[in-house]
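Let's take a walk through this structure together. Keep the viewer open and follow along as the tour moves from place to place.

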Amino acid sequence: MTDGLTRDSYLGGRLSILQPATGYRAGVDPVLLAAACPARPSDSVLELGCGVGTASLCLATRVPGVQITAVERQPEMAELARRNATESGVPMCVVTADLSKLPSDLRQQSFAHVIANPPYFLRESSSPSSHAAREMAMGEQTPLADWLSVATRRLASKGWLTLIHRPDRLADILGGLGGLGSIQVQPLVARVGRDANLVVVRARKGGRAALRLHAPIVLHEGVRHVVDGDDYAPDISAVLRAAAALPGFGESPK
């Protein structure tokens, strides 16, 4: 750890990420988001709210050759994302901006994919973090509807939006996907017999396929944690350790 930062390995050591030692720290959610994006080499990708760049860099590791632009409003996080991209050898363009006030040149661009891991918590029904950077990452300040609206506008025709969020916001997400179709919802369940604690949603600009609710993916083996260390299911371990696509959902759609 140097200068209040830690260096953390992702994807079985394929990727090294610098992030703050305190406050918001990326866990598995951005890795799962990257694994669910159906990008192919040379596709253009926009990430909204990239933090230190974990999701974008995981995607670039899994799909070499993607062309990534990332937006982050916290200058110190945006600078870390640039540093992480440089050290990883990924030519990622990081724009320091609020997603609701994108620079004019970015507003003229369209992308084959938009990915996002919006803040999870409405502060009218939860307590804010005392750490400013963590609060900006976890507490919803820019309305979720704005995230969805910006993502939709930046998608090219037939482009895909992929986002990860909590199930209790699913109604808001589905209600904000105007102009997008071919919606797919992938529940993520911590263990067998439990309710979903995350959902990945994918939708296509101009898509016309019926909404598809996938069978839940169970992240951990067993009904409870009984041993030291992680107990991820084999398919999820492959996502987290070997840069695999999210099973049953990450493959490029036809």
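Which residue forms a salt bridge with Arg166? The partner is Asp168, and the closest N and O atoms of the two are 3.5 Å apart. Before going further, keep in mind that this is a predicted model. Arg166 is partly exposed, at a relative accessible area of 27%, while Asp168 is exposed, at 52%.

Now step over to another pair, Asp230 and Arg241, whose side chains meet in a salt bridge with an N to O distance of 2.4 Å. Asp230 sits in the loop between strand S11 (217-218) and helix H8 (234-242), and Arg241 belongs to helix H8, so this salt bridge ties together parts that are 11 residues apart in sequence. Asp230 is partly exposed, with a relative accessible area of 45%, and Arg241 also counts as partly exposed, at 38%.

A third pair is worth a look. The side chains of Arg73 and Asp98 form a salt bridge, 3.8 Å from N to O. Here both residues come from loops: Arg73 from the one between strand S4 (67-72) and helix H3 (75-88), Asp98 from the one between strand S5 (93-96) and helix H4 (104-107), so the pair ties together parts that are 25 residues apart in sequence. Arg73 is partly exposed at 28% relative accessible area, and Asp98 is partly exposed at 22%. The cut-off for buried is under 20%, so Asp98, at 22%, counts as partly exposed.

Those pairs are part of a longer list, as a search of the whole structure turns up nine salt bridges. There is a network too: Arg7, Arg83 and Glu87 are linked by salt bridges.

Time to zoom out. The protein chain has eight helices and 11 strands. Of its 254 residues, 50% are buried. How does the chain connect to itself over long stretches of sequence? Take the contacts between residues at least 6 apart in sequence: 68% of them join residues at least 24 apart. As for the outside, the protein chain exposes about 11,500 Å², and carbon and sulfur atoms supply 51% of that area.

Two helices are good places to look at burial. Helix H1, residues 29-36, is mostly covered, with eight of its eight residues buried. Its buried residues are Asp29, Pro30, Val31, Leu32, Leu33, Ala34, Ala35 and Ala36. Helix H2, residues 54-62, is mostly covered as well, with eight of its nine residues buried. Among the buried ones in H2 are Leu57, Cys58 and Leu59, and the list also takes in Arg62.

What about the cysteines? Cys50 is buried, with a relative accessible area of 6%, whereas Cys93 counts as partly exposed, at 41%. If you go looking for disulfides, the whole structure has zero.

Cys93 also turns up in the next stop, around Thr69. Thr69 is placed in strand S4 and is buried, at 11% relative accessible area. Leaving out residues up to four places away in sequence, Thr69 touches Val45, Leu46, Glu47, Cys93, Val95, Leu106 and Phe111.

There is another threonine to visit, Thr152, in helix H6 (residues 144-154). Is Thr152 buried or exposed? Its relative accessibility is 11%, so Thr152 counts as buried. A polar atom of the Thr152 side chain lies 2.9 Å from the backbone oxygen of Leu148. Again leaving out residues up to four places away in sequence, Thr152 touches Gly178, Leu180 and Lys205.

Let's finish on the surface. Which residues make a nonpolar surface patch of about 290 Å²? They are Leu174, Leu211 and Leu213. Leu213 has its place in strand S10 (residues 212-213), and this leucine is exposed, with a relative accessible area of 60%.

Definitions and conventions. Residues numbered from 1 in each chain as written. Predicted model: local features only at pLDDT ≥ 70, side-chain atom pairs only at ≥ 80, totals over all residues. Heavy atoms only, no water. Patch = residues over 30% accessible without salt bridge, like charges linked within 9 Å, V, L, I, M, F, W, Y side chains within 5 Å. Areas by Shrake-Rupley, 256 points an atom, 1.4 Å probe, with all protein chains shown as cover. Salt bridge = Lys/Arg side-chain N within 4 Å of Asp/Glu carboxyl O. Helix = DSSP H or I, 4+ residues; strand = E, 2+ residues; numbered from the N terminus. Buried < 20%, exposed > 50% of the residue type's maximum accessible area, 1.4 Å probe, protein only. Polar contact = N/O pair within 3.5 Å; in protein donor to acceptor, adjacent residues only side chain to side chain. Contact = heavy atoms within 4.5 Å. Disulfide = S-S within 2.5 Å.
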